[in-house]
Amino acid sequence: MVTRAIGCRIGYRVGFQRGGQPPAADTPSRLARQWALWSRILAPLRPLDAPRGRVTAWDASWPLRRELTSVRRARRLVTAQLGEWGAHERTDTAELLVSELVTNALRHTRGALRLNLQLRHSRLLCEVEDTETASPVRAVADADAEGGRGIELLDLLADSWGSVRTATGKTMWFELRADDGTPRADDGPGAAREP
């Protein structure tokens with residue numbers, strides 16, 4: 001079929017087939033297809049003020065407000081989620097380290113925050129995303145100091161931790177492992193635990 005373009009609207013080719021009949025449906029032009037492809041590639045996956053998309057039942061994500069009560073809310077979310085996943089033995093450590101990361105993000109960054117949890121096999125990954133690109137700096141705290149020990153706590157309690165730059169800022173993360181029969185990602189929520 002031969003198509004002759006007689007006009008153009010944004011991203012769509014308007015044409016008529018031979019015989020003066022319009023095509024059955026508007027088709028996107030090559031420019032519109034390329035624009036859609038590039039806008040998907042260049043756009044951030046999700047803004048930080050929205051939860052990250054849940055891939056499986058073993059992923060959880062929550063946006064946090066820029067207020068002091070967000071630290072308490074983050075601790076409650078971690079406790080509830082780990083209880084739902086049946087990973088109670090890691091609750092105290094995860095709760096303490098998440099509250100440190102959220103407190104530091106509130107104190108040293110601006111913009112939106114997001115808390116992410118992921119349980120895979122015997123590994124719990126906790127992330128706090130923010131809009132600041134600068135990595136944390138280890139502070140030398142005096143014996144009397146009330147703060148400045150967050151990185152020391154991460155060193156002592158987490159199996160591994162770090163900071164990764166992202167398109168929207170950075171992600172502070174830590175990992176806790178357990179070999180005590182916690183659920184695996186392929187078991188599904190509420191599955192029986194290994195002895």
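**Entry 1: Thr 171**

I began at Thr 171, which I located in strand E8. The model is a predicted one, and I read each value below in that light. Thr 171 has a relative accessibility of 7% and counts as buried, the cut-off for that class being under 20%. I then listed the contacts of Thr 171, setting aside residues up to four places away in sequence: they are Glu 127, Val 128, Glu 129, Gly 162, Ser 163, Val 164 and Thr 166. I also noted that Glu 129 stands opposite Thr 171 in E8.

**Entry 2: the pairing of E8**

I looked up the strands that pair with E8. E6 and E8 are antiparallel and share eight bridges. E7 and E8 also run antiparallel, joined by seven bridges. In the second pairing, I found Met 172 of E8 as the bridge partner of Ser 163. The connection from E7 to E8 is a hairpin through two residues.

**Entry 3: Gly 162**

I turned next to Gly 162, a residue of strand E7. Is Gly 162 buried or exposed? Its relative accessible area is 10%, and I recorded Gly 162 as buried. Apart from residues up to four places away in sequence, Gly 162 touches Thr 171, Met 172 and Trp 173. I also checked Gly 162 against Glu 175: they lie 13 residues apart in sequence, and their C-alpha atoms are 9.2 Å apart.

**Entry 4: E5, E6 and the turn at His 121**

I followed E6 to its other pairing. E5 and E6 are antiparallel and connected by seven bridges; within this pair, Asn 116 has Glu 127 of E6 as its bridge partner. The two strands form a hairpin with two residues between them. I placed His 121 in the loop between E5 and E6. Its phi is positive, near 55°, in a residue other than glycine. At 46% relative accessibility, I entered His 121 as partly exposed. For E6 I counted seven of its eight residues as buried, so the strand is largely enclosed by the rest of the structure.

**Entry 5: helix H2**

I checked the length of H2, residues 69-85. At 1.5 Å a residue, its 17 residues should span 24 Å, and the end C-alpha atoms are 24 Å apart, which agrees. I then listed the buried residues of H2: Ser 70, Val 71, Ala 74, Leu 77, Val 78, Gln 81, Leu 82 and Trp 85. Viewed down the axis of H2, these fall within an arc of 120°, so they line one face of the helix. I noted the general rule behind such a pattern: an α-helix has 3.6 residues a turn, so residues three or four places apart point the same way. Arg 76, Ala 80 and Glu 84 are exposed on the other side of H2.

What do the buried residues of H2 pack against? I found strand E4 (59-64), H3, strand E5 (113-120) and strand E6 (123-130). Just after H2, Gly 86 takes a positive phi of about 80°.

**Entry 6: the nonpolar core**

I looked up the largest nonpolar core and found 30 residues in it. Those with the most contacts inside it are Trp 85, Val 98, Val 102, Leu 115, Leu 124 and Phe 174. At least two residues of this core come from each of E4, H2, H3, E5, E6 and E8. H3 gives the most, with seven residues. I examined Val 98 in particular: leaving aside neighbours within four places in sequence, Val 98 is in contact with Ala 74, Val 78, Leu 115, Cys 126 and Phe 174.

**Entry 7: helix H4**

In H4, residues 150-157, I found Gly 150, Ile 151 and Leu 154 buried. They cover an arc of only 100° around the axis, which puts them on the same side of H4. I recorded helix H3 (91-108), strand E7 (160-166) and strand E8 (169-177) as the elements against which the buried residues of H4 pack.

**Entry 8: the whole chain**

I closed with the overall counts. The protein has four helices and eight strands, and from the N terminus on I read the order of elements as β-β-β-α-β-α-α-β-β-α-β-β. Of its 195 residues, 34% count as buried. The accessible surface comes to about 12400 Å², with 54% belonging to carbon and sulfur atoms. Among contacts with a separation of 6 or more, I noted that 55% involve residues 24 or more positions apart.

Terms used:
Residues are numbered from 1 along each chain as its sequence is written. This is a predicted model: local features need pLDDT of at least 70, side-chain atom pairs count only at pLDDT 80 or more; totals for chains, interfaces and linings use all residues. Side-chain values use heavy atoms; hydrogens and water are left out. Buried means under 20% relative accessible area, exposed over 50%, partly exposed in between (1.4 Å probe, protein chains only). The arc is that of the directions from the helix axis to the C-beta atoms. Contact means heavy atoms within 4.5 Å. Accessible areas come from the Shrake-Rupley method with a 1.4 Å probe; for residues, only the protein chains shown count as cover. The expected span of a helix is 1.5 Å times one less than its number of residues. A nonpolar core is a set of buried Ala, Val, Leu, Ile, Met, Phe, Trp, Tyr and Cys residues joined through side-chain atoms within 4.5 Å. Two strands pair if DSSP finds at least two bridges between them.
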